Amino acid sequence: LRCVAVLLVLCAMPARARAQDEAGPAGAQILKDDAAPGEPQLLGPIVTEARPDGFSINVGHAAGLALPAALEVLPSAGGATLQVLQSRAALWHQFEVRGLGAGRRYRYRLLLGGRPVANGETSTAPLPNATAPMTVVVFGDERGLERGVAAQAATVANAVLSEDPDLVLGTGDLLAVGGDVAAWRTVAEAHRALFAQVPYLPALGNHELINDPE
């Protein structure tokens, strides 16, 4: 496959209708990395699941520091904190938030080692019998021709996010060579805003397979 970004927006409605509530604007503030110079960069946050009663968020440090973490959940339109989840010192944290309303948008605040490191927004899933249509975006093949990641990867990811998707599917080939750690960091940086808001499920492309470029 050539390095061509393919964007397919699947919408089942003539007018924009969202599983998220009206309080959730597209492209909300995503990540504020407060790491001081010389400190390891934040890895995440990554929204890995959306349920009718909540969502899951993962976060860690790129250098693998074992630090305690906390997640604060707040209403999107403002107001008092709804939940505070605590996680003991670990290399990687997975927060599973429950007890929220279906099909609604929420703000969150992440602390790592007692320091605020990220602010973002995400949404819960609609109820299984909900009639409101969903928006699913499918895209992929963001790799560089010979190495790394295409320069347009971040632009494509932000364009995907501007569609207010409820779910994003990746077709694979995010980078040229699966064993290129620096390129994976570039992928993570290019997709930061997307990862922090919407569940993103990428397929395994042939270029993700280490030492198997064909």
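Where is Asp-173 placed? The structure is a predicted model. In this model, Asp-173 sits in the loop between β10 (167–170) and α2 (181–190). Its backbone is unusual for one listed reason: phi is near 60°, a positive value in a residue other than glycine. Asp-173 is also buried, because its relative accessible area is 3%, and the cut-off for buried is under 20%.

A second aspartate, Asp-141, also has a positive phi, here of about 55°, and again the residue is not a glycine. Asp-141 lies in the loop between β9 (136–140) and α1 (153–161). Is Asp-141 buried or exposed? Its relative accessibility is 7%, so Asp-141 counts as buried.

Another backbone feature occurs at Pro-45. The peptide bond between Gly-44 and Pro-45 is cis. Omega for this bond is about 0°. Pro-45 belongs to strand β2, which covers residues 42–51.

Confidence varies along the protein chain. The mean pLDDT of the chain is 82. A pLDDT of 70 or more is reached by 79% of the residues. Which element has the lowest mean pLDDT, and which the highest? Strand β1, residues 6–10, has the lowest, at 36. Strand β6, residues 92–97, has the highest, at 97. Over residues 1–40, the pLDDT is below 50. In the model, this stretch nevertheless has 105 contacts beyond near neighbours in sequence.

Technical notes: Residues numbered from 1 in each chain as written. Predicted model: local features only at pLDDT ≥ 70, side-chain atom pairs only at ≥ 80, totals over all residues. Heavy atoms only, no water. pLDDT = per-residue confidence, 0-100. Helix = DSSP H or I, 4+ residues; strand = E, 2+ residues; numbered from the N terminus. Contact = heavy atoms within 4.5 Å. Buried < 20%, exposed > 50% of the residue type's maximum accessible area, 1.4 Å probe, protein only.
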